[in-house]
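Colleague: I'm new to this one, so could you walk me through a few spots?
Modeller: Sure, let's pull it up and take them in turn.

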Amino acid sequence: MQEPILVLAEHLRGEIADITYEMLGVGRKLADELKVPLHSVIFGKDVAPLASHLGVADSVFVLDHPQLDMPSSEVVATLLKTLIEQKNISLVLIGGTNVSTGIGPKLSFRLNLPFVNFCRNIWVKDASVGLTSQLFGGKILSDVRLPGNRGVVSVYPGSFPPDVGKSDRKPSIEVLDLPLEETKVIFKQYLEPEAGDIDITKQDILISVGRGIANADNIAMVNELADALGGALCASRPVIDQGWLPLSRQVGKSGMTVKPKLYLSLGISGAPEHVEGMKDSGLIISINTDTNAPIFSVSHYGICADIFDVLPTLIEEIKAHKSE
Ligand SMILES: Cc1cc2nc3c(=O)[nH]c(=O)nc-3n(C[C@H](O)[C@H](O)[C@H](O)COP(=O)(O)OP(=O)(O)OC[C@H]3O[C@@H](n4cnc5c(N)ncnc54)[C@H](O)[C@@H]3O)c2cc1C
């Protein structure tokens, strides 16, 4: 493969998103192994200053225009197609996030290139690019190859370390002059979710309850544990669906992604949709009566026991330890 690799830089509220650094890190590795240039492109309003943060790329293309304030996937796919054809790019990395979803499939269709979604790993073997794609919410991992190393890849957030994609180096910057066409879909408004009582993504200690808690009355006991530990409560989806805790406390695919120092899970089975929101926590301790509960495979420590047997002693011991 002689053609360059392109990373679509994602940004929100004036900051480069972590997914961009994840893609730049893995893109740099690929580009070095294949001996091709790594480019990045940033589209948006007032984004020109952000281009200097993308120094891991050899060059950065910038299109800064008032019309590109939160552009729709339609607009970005159209611009990308023109750029890719102009610069003869073969492989494009796009964030698999809410912000960028929808761009990849459109682009792949228009360029007649394969699309690899939910990509969790990328490597080079015998000058050929291989990718691992996550299917069925993580139940299946599928290894695929791209014919001629050409394709559009949607990178699953959290798959690569973002720090590798950061550098103080100043990239060469090229200001683009691409036509902006009217599209049927336009961005109207960014709706922030209602502010919860606390932000669980910012907590160091989280005590997470699952269906094993059995009923709302038992939440009081877990609250006591949270107070003793100086942590906050969060939950799996069934607990939220029951209305036992507010939506702002949900961890997982349709909730928040958390990375506390300690994640203590109580009566949670460890379904892929839950695990994807907590697997990167610093220390995971789980209590579950089922030895085969999948949560144990992502836990650093596991207690196979009834939470109602363990909790009173645990609360007592923590309180005693704190008063020493
Ligand atoms: C599109 C989609 C999105 C989803 N998004 C999310 C999401 O964001 N977050 C999320 O959590 N889920 C989500 N889900 C649901 C997910 O698939 C699981 O159904 C859910 O995570 C299960 O929650 P749970 O572990 O609390 O319950 P269960 O799977 O019922 O597990 C309860 C566990 O408690 C244990 N247990 C029972 N009693 C006790 C006791 N006394 N002591 C100790 N252990 C006990 C059991 O052994 C069991 O392992 C989503 C599903 C879909 C399809």
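**A look around the model**

Modeller: Keep in mind that this is a predicted model. Let's start with Ser72, which sits in the loop that runs between strand E5 (59-64) and helix H2 (73-87).

Colleague: Is Ser72 buried or exposed?

Modeller: Buried means under 20% relative accessible area. Ser72 has 13% relative accessibility, so it counts as buried.

Colleague: Which backbone oxygen does the side chain of Ser72 reach?

Modeller: Leaving out residues up to four places away in sequence, Ser72 touches Thr183 and Val185. Its side chain gets to 3.4 Å from a backbone oxygen, and that oxygen belongs to Val185.

Colleague: Now Ile140: buried, partly exposed or exposed?

Modeller: Ile140 is in strand E9 (residues 140-145). Together with Leu135 and Phe136, Ile140 makes a nonpolar surface patch of about 300 Å². Partly exposed lies between the 20% and 50% limits. With 40% relative accessibility, Ile140 therefore counts as partly exposed.

Colleague: And the ligand, how much of its accessible area does the protein cover?

Modeller: There are 25 residues around the ligand, with Arg211, Ser236, Ser254, Ser269 and Asn288 coming nearest. Backbone atoms take part too: a polar one of Arg237 is 2.9 Å from a ligand oxygen, and one of Gly267 is 3.0 Å from a ligand oxygen. On its own the ligand has 980 Å² of accessible area, and the protein covers 73%.

Colleague: Which elements give two or more residues to the shell around the ligand?

Modeller: Those elements are helix H5 (237-241), helix H6 (272-275) and helix H7 (307-323).

Definitions and conventions:
Residues numbered from 1 in each chain as written. Predicted model: local features only at pLDDT ≥ 70, side-chain atom pairs only at ≥ 80, totals over all residues. Heavy atoms only, no water. Helix = DSSP H or I, 4+ residues; strand = E, 2+ residues; numbered from the N terminus. Buried < 20%, exposed > 50% of the residue type's maximum accessible area, 1.4 Å probe, protein only. Polar contact = N/O pair within 3.5 Å; in protein donor to acceptor, adjacent residues only side chain to side chain. Contact = heavy atoms within 4.5 Å. Patch = residues over 30% accessible without salt bridge, like charges linked within 9 Å, V, L, I, M, F, W, Y side chains within 5 Å. Areas by Shrake-Rupley, 256 points an atom, 1.4 Å probe, with all protein chains shown as cover. Salt bridge = Lys/Arg side-chain N within 4 Å of Asp/Glu carboxyl O. Near = heavy atom within 4 Å.
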